[in-house]
Amino acid sequence: MLASALDDVGKILVLLRDGRKLMGTLRSFDQFANAVLEGACERVIVGEQYCDIPLGLYVIRGENVVLIGDLDTEREELPPNMIRVSETEIKRAQKVEREASELRGTMRKRMEFLDFD
């Protein structure tokens, strides 16, 4: 029964606690939401750029799962402004975004002594 139920499942999306988005074919799961994805990839989005990074066979620990959803591969649509880039480009964009965020954080700490109220 379970095997036939899994055969009906196409691609799924798994949102993890750390914000990562994984897509793949569900091959197994248990009562704790531990799951095995076949042909898994991580979709990384930075601004208007995105990249699907292949991961292969991937085991997900249930405590990290926030959401699991079925993907309709015929209707999977991205906004028209999204641009697919290479893995190298998306990693570079992630680094720039992380550095900008850290800079904002340090600037905020330096300005705490000012009272804007």
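Okay, one definition before we start: buried means under 20% relative accessible area, exposed means over 50%, and partly exposed is anything in between. And keep in mind that what you have up there is a predicted model.

So take Glu38. Its relative accessibility is 38%, so Glu38 counts as partly exposed. What does Glu38 form a salt bridge with? The partner is Arg27, and the closest N and O atoms are 2.8 Å apart. Now look at where the two sit: Glu38 is in strand β3, residues 35-46, and Arg27 is in strand β2, residues 21-29, so this pair ties together parts that are eleven residues apart in sequence. Arg27 is partly exposed as well, with a relative accessible area of 36%.

Let's stay with Arg27 for a second, to get over to Val59. The C-alpha atoms of Val59 and Arg27 are separated by 9.9 Å, and along the chain the two are 32 residues apart. Val59 belongs to strand β4, residues 49-60. Buried or exposed, then, for Val59? Exposed: the relative accessible area of Val59 is 66%. If you skip the neighbours within four places in sequence, Val59 is in contact with Ala35 and Val36.

Back to the charges. How many salt bridges are there? The count comes to five. You've already met Glu38 with Arg27. Another one of them joins the side chains of Arg20 and Asp18, at 2.9 Å from N to O. Asp18 is exposed, at 53% relative accessible area, while Arg20 is partly exposed, at 28%. Then there's Arg61 with Glu63, where the closest N and O atoms are 3.3 Å apart. Arg61 is exposed, with a relative accessible area of 53%. And finally there's a network of salt bridges that links Arg43, Asp52 and Arg84.

Right, let's zoom out to the sheet. As a reminder, strands of a sheet pair through backbone hydrogen bonds, either parallel or antiparallel. Here we have an open sheet of six strands, with mixed pairing, and the order across it is β5-β1-β2-β3-β4-β6. Which strands are at the edges? Those are β5, residues 65-70, and β6, residues 83-84, each of them pairing on one side only. At the β5 end, strand β1, residues 11-16, runs antiparallel to β5, and five bridges join the two. If you want a spot to click on, Leu16 stands opposite Val65 in β5. There's a helix on this sheet too: α2, residues 87-110, packs on it and touches β3 and β4. The direction of α2 makes about 100° with that of β4.

Last thing, cysteines, for anyone planning to ask about disulfides. The count is zero. Why no bond between Cys41 and Cys51? The closest cysteine sulfur to that of Cys41 is the one in Cys51, and at 9.0 Å it is too far for a bond. For a disulfide, the two sulfur atoms would have to be within 2.5 Å. Turn it around and you get the matching answer: for Cys51, the closest cysteine sulfur is in Cys41, at 9.0 Å. As for accessibility, Cys41 counts as buried at 10%, and Cys51 counts as buried at 5%.

That's my tour, so over to you.

How values were computed: Residues numbered from 1 in each chain as written. Predicted model: local features only at pLDDT ≥ 70, side-chain atom pairs only at ≥ 80, totals over all residues. Heavy atoms only, no water. Helix = DSSP H or I, 4+ residues; strand = E, 2+ residues; numbered from the N terminus. Buried < 20%, exposed > 50% of the residue type's maximum accessible area, 1.4 Å probe, protein only. Contact = heavy atoms within 4.5 Å. Salt bridge = Lys/Arg side-chain N within 4 Å of Asp/Glu carboxyl O. Pairing = 2+ DSSP bridges. Axes fitted to C-alpha atoms, helices over the stretch in contact; angles between N-to-C directions.
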